[in-house]
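Open the model in your viewer and keep the sequence panel visible. The tour goes from one selection to the next and says what to look for at each stop.

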Amino acid sequence: MRKEQEAAFWLTIKAFKEIGLLQHVMIIGSWAEYLFPSLFETDFMPNLKTRDVDFFYRNINIPKEKINVIQKLKDIGYVYDEVDGISRFYKEDLLELEFLTRVLGAGTEGRMDIKPLGITSEGLRVINILSNFAREVDVTGSNGEEYTITIPEPAVYVIQKILTNPIREPQEKKAKDIAAVKELLYHKEKSTEHKIKLNEVYKTLSAKQFKTVKQVCEENQIVLPLN
């Protein structure tokens, strides 16, 4: 990762904290791996090669007050745009931000307004599982400031990567995700805590999800350390 990209990430986190947004989002996708090292007692190092930072907005009904994220991000050098009706933020060639929301009940996937932010997100059912296994980490940014950031438990991150692999596009991202899963599992196997958590996540899967996990694992020679 370039130092400029890392600095841009922490500048963004600082901005979110200042406007009261940080507590309402979970960092998912590959940038969650950037925050995983503190959770392992091994030498795990993330292999970040993307500028896409995905923020899971956990409850679109809160807060009641408006959070002016568009102006705040513009103030620190982001450009706001909408792609197919979905709000996105771009900072030079360093970062691209997108907000995602879950889909509940009989709801359909697609565009979903986050009214407190005044932006439109993409609603995805495949991220629902992440909300059930959130974890807060206390971290010190490259700017020297301390933050409390919500990320998925590594166990649920692994399972979600496996579940989404059959529909992952483009093709090269499938292989990248499988490599990330195998690397994380290598480090998880060294921790009783993480293996217990993996079992907890696995037991929450539906019959359909179980079938998908089993199929992807067989196709990619993945062995989950389950009891």
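Begin by selecting Phe210. Leaving out residues up to four places away in sequence, Phe210 touches Tyr202 and Leu205. This is a predicted model, so treat each stop as a description of that prediction. Phe210 is part of helix H8. Is Phe210 buried, partly exposed or exposed? With a relative accessible area of 38%, Phe210 is partly exposed, because partly exposed covers the values between 20% and 50%. For a sense of distance, add Gly77 to the selection. Gly77 and Phe210 are separated by 133 residues in sequence and by 43 Å in space, C-alpha to C-alpha.

**Helix H8**

Now select residues 207–219, which make up helix H8. The helix has 13 residues, and at 1.5 Å a residue they should span 18 Å. Place a distance between the end C-alpha atoms: they are 18 Å apart, which agrees with the expected span.

Next, colour the buried residues of H8. Which residues are buried in H8? They are Val213, Val216 and Cys217. Turn the view until you look down the axis of H8. The buried residues fall within an arc of 100°, so they line one face of the helix. A general rule helps here: an α-helix has 3.6 residues a turn, so residues three or four places apart point the same way.

Give a second colour to Ala207, Lys208, Lys211, Glu218 and Glu219. These are exposed residues on the face of H8 turned away from its buried side. Just past the end of H8, select Gln221, which takes a positive phi of about 55°.

What do the buried residues of H8 pack against? Their partners are helix H5 (154–164), helix H6 (171–188) and helix H7 (192–203). Show these helices before moving on.

**H5 against H8**

Hide everything except H5 and H8. The two helices pack at an angle of about 85°, and their axes are 8 Å apart. H5 and H8 are therefore roughly perpendicular to each other. On the H5 side the contact is made by Ile159, Ile162 and Leu163, and on the H8 side by Gln209, Thr212, Val213, Val216 and Cys217. Val213, Val216 and Cys217 are the residues you coloured as buried in H8.

**H5 against H6**

Swap H8 for H6. H5 and H6 pack at an angle of about 150°, with 10 Å between their axes. That makes H5 roughly antiparallel to H6, because an angle over 145 degrees counts as roughly antiparallel. The crossing of H5 past H6 is left-handed. To see the contact, show the side chains of Pro154, Ala155, Tyr157, Val158, Lys161 and Ile162 in H5, which meet Asp177, Val181, Leu184, Leu185 and Lys188 in H6.

Stay in H5 and select Lys161. Is Lys161 buried or exposed? Lys161 is buried, with a relative accessible area of 7%. Apart from its neighbours within four places in sequence, Lys161 is in contact with Ser30, Arg168, Asp177 and Val181.

In the loop between H5 and H6, find Pro170. The peptide bond that leads from Glu169 to Pro170 is cis, with omega near -5°.

**Stops in other loops**

Go to Pro63, in the loop between E2 and helix H3 (69–75). The peptide bond from Ile62 to Pro63 is cis, with omega near -5°.

Select Lys49 next, in the loop between helix H2 (30–33) and strand E2 (52–57). Lys49 is exposed, with a relative accessible area of 67%. Add Glu218 and compare positions: Lys49 and Glu218 are 169 residues apart in sequence and 27 Å apart in space, C-alpha to C-alpha.

Then move to Asp84, in the loop between strand E3 (79–83) and strand E4 (86–91). Asp84 is not a glycine, yet its phi is positive, about 55°. At 70% relative accessibility, Asp84 counts as exposed.

The last selection is Glu92, in the loop between E4 and strand E5 (95–102). Glu92 is not a glycine either, and its phi is positive at about 50°. Glu92 counts as exposed, at 59% relative accessibility.

Note on methods. Residues numbered from 1 in each chain as written. Predicted model: local features only at pLDDT ≥ 70, side-chain atom pairs only at ≥ 80, totals over all residues. Heavy atoms only, no water. Helix = DSSP H or I, 4+ residues; strand = E, 2+ residues; numbered from the N terminus. Expected span 1.5 Å × (residues − 1). Buried < 20%, exposed > 50% of the residue type's maximum accessible area, 1.4 Å probe, protein only. Arc of directions from axis to C-beta. Contact = heavy atoms within 4.5 Å. Axes fitted to C-alpha atoms, helices over the stretch in contact; angles between N-to-C directions. Parallel < 35°, antiparallel > 145°, perpendicular 65-115°, else oblique. Left-handed = near helix turned anticlockwise from the far one by under 90°.
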